[in-house]
Amino acid sequence: MRVGYGSAGGGGLGPESLTGEPVWLDLFERWLAEGVARAIPEPNAMVVATVDAAGVPATRTVLCKAVDDRGIVFYTNHDSDKGRHLATQPVASATFPWIAMERQVHFRGPVVQIERAETQAYWASRPRGSQLGALASTQSHPIASRADLEAQARAVADRFGGVDGDEPVPLPDNWGGYRIQPTTVEFWQGGADRLHDRVRVVRDPDTGVWDARRLQP
Ligand SMILES: Cc1cc2nc3c(=O)[nH]c(=O)nc-3n(C[C@H](O)[C@H](O)[C@H](O)COP(=O)(O)O)c2cc1C
Ligand SMILES: Cc1ncc(COP(=O)(O)O)c(CN)c1O
């Protein structure tokens, strides 16, 4: 398995591609919009790495549900493995593997829980079935069987007037959003003969000024 890059019509990535403030935001939004326009599967999917208390990393895919100058947001269960990792080690790295576009973007930085009101607004926008599903699952904890999981889901639905009911499903305390506040963002565009374009932007912790550098591939 070996695929050459540089034919996807990307091209032209360099430090000068980064404009605006913070410098990573415009290009990231442009690339994400291109992923949506090209209908690549789940363009907002990102692989998020967290570290456990022993410093061992773990990765999993989550969906990025908001982006702005403060960072990138995803939603999950606070009692999941990643939630427990973030409680003791509030840092993460996230990668958007846009392979169909011969691109990837990495983020690294501290992680904070978003405002409860923002989670509440997002929760209200989710389909009822997804709300019930979140309540039914003690994420990342073992369960004896699929049948037990489905029984839990039925019990939760019954508590709130059924799957098709109209009783509101309350936001559980252990579910919410996290924001990765990037201190480093790296853009990668595939090039011919493995001579890819890489631009890394790093935020100076004292001045808040972003510095963009081309890296060797
Ligand atoms: C495409 C895709 C999107 C996903 N999005 C989310 C998400 O937004 N939030 C979430 O909690 N889990 C999501 N998952 C499930 C996670 O990958 C993971 O299995 C789950 O969050 C438990 O992770 P943990 O045990 O490391 O905490 C997604 C999985 C896939 C494949
Ligand atoms: C368990 C879980 N929680 C949350 C999400 C976030 O996405 P949504 O709010 O669209 O369900 C996903 C998406 N796959 C998910 O699988």
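This report describes the confidence of the model, the surroundings of its two ligands, and a set of annotated residues.

**Confidence**

The structure is a predicted model. Its scores are an ipTM of 0.99 and a pTM of 0.97. For the protein chain, the average pLDDT is 96, and 98% of the residues reach a score of at least 70.

**Surroundings of the ligands**

Ligand 1 is surrounded by 16 residues. The closest of these are Thr76, Ser80, Asp81, Lys82 and Ser140. Three elements, β2 (57-68), β3 (71-77) and α2 (81-88), each contribute at least two residues to the shell around ligand 1. Strand β2 makes the greatest contribution to this shell, with 5 residues.

The shell around ligand 2 consists of Leu63, Tyr75, Arg126 and Ser130. The table sets out both shells by residue class.

| Shell | Nonpolar | Polar | Charged |
|---|---|---|---|
| Ligand 1 | 6 residues | 6 residues | 4 residues |
| Ligand 2 | 2 residues | 1 residue | 1 residue |

**Annotated residues**

An unreviewed UniProt entry carries the annotation "binding site" for Lys65, Tyr122, Arg126, Ser130, Arg194, Leu195 and His196. These positions extend over 132 residues of sequence, and they are spread in space as well, with up to 43.1 Å between C-alpha atoms. Two of the annotated residues, Arg126 and Ser130, also belong to the residues around ligand 2.

Tyr122, one of the annotated residues, lies in helix α3, which covers residues 116-125. Is Tyr122 buried or exposed? Tyr122 counts as partly exposed because 17 C-beta neighbours lie inside 10 Å, and this class falls between the limits of 12 or fewer for exposed and 20 or more for buried. When neighbours within four places in sequence are left aside, Tyr122 is in contact with Lys65, Tyr75 and Gly177. Of these partners, Lys65 is itself covered by the UniProt annotation, while Tyr75 is among the residues around ligand 2.

His196, also included in the annotation, is placed in the loop between β7 (184-189) and β8 (197-203). His196 has 19 C-beta neighbours inside 10 Å and is therefore classed as partly exposed. Apart from residues up to four places away in sequence, His196 touches Tyr5, Trp188, Gln189, Gly190, Gly191 and Pro217. Two of these contacts, Trp188 and Gln189, fall within the range of strand β7 (184-189).

Conventions:
Residues numbered from 1 in each chain as written. Chains lettered and ligands numbered in written order. Predicted model: local features only at pLDDT ≥ 70, side-chain atom pairs only at ≥ 80, totals over all residues. Near = placed C-beta within 6 Å. Nonpolar A, V, L, I, M, F, W, Y, C, P; charged D, E, K, R; others polar. pLDDT = per-residue confidence, 0-100. Helix = DSSP H or I, 4+ residues; strand = E, 2+ residues; numbered from the N terminus. UniProt positions renumbered as here; feature names shortened; annotations may be inferred. Contact = placed C-beta atoms within 7 Å.
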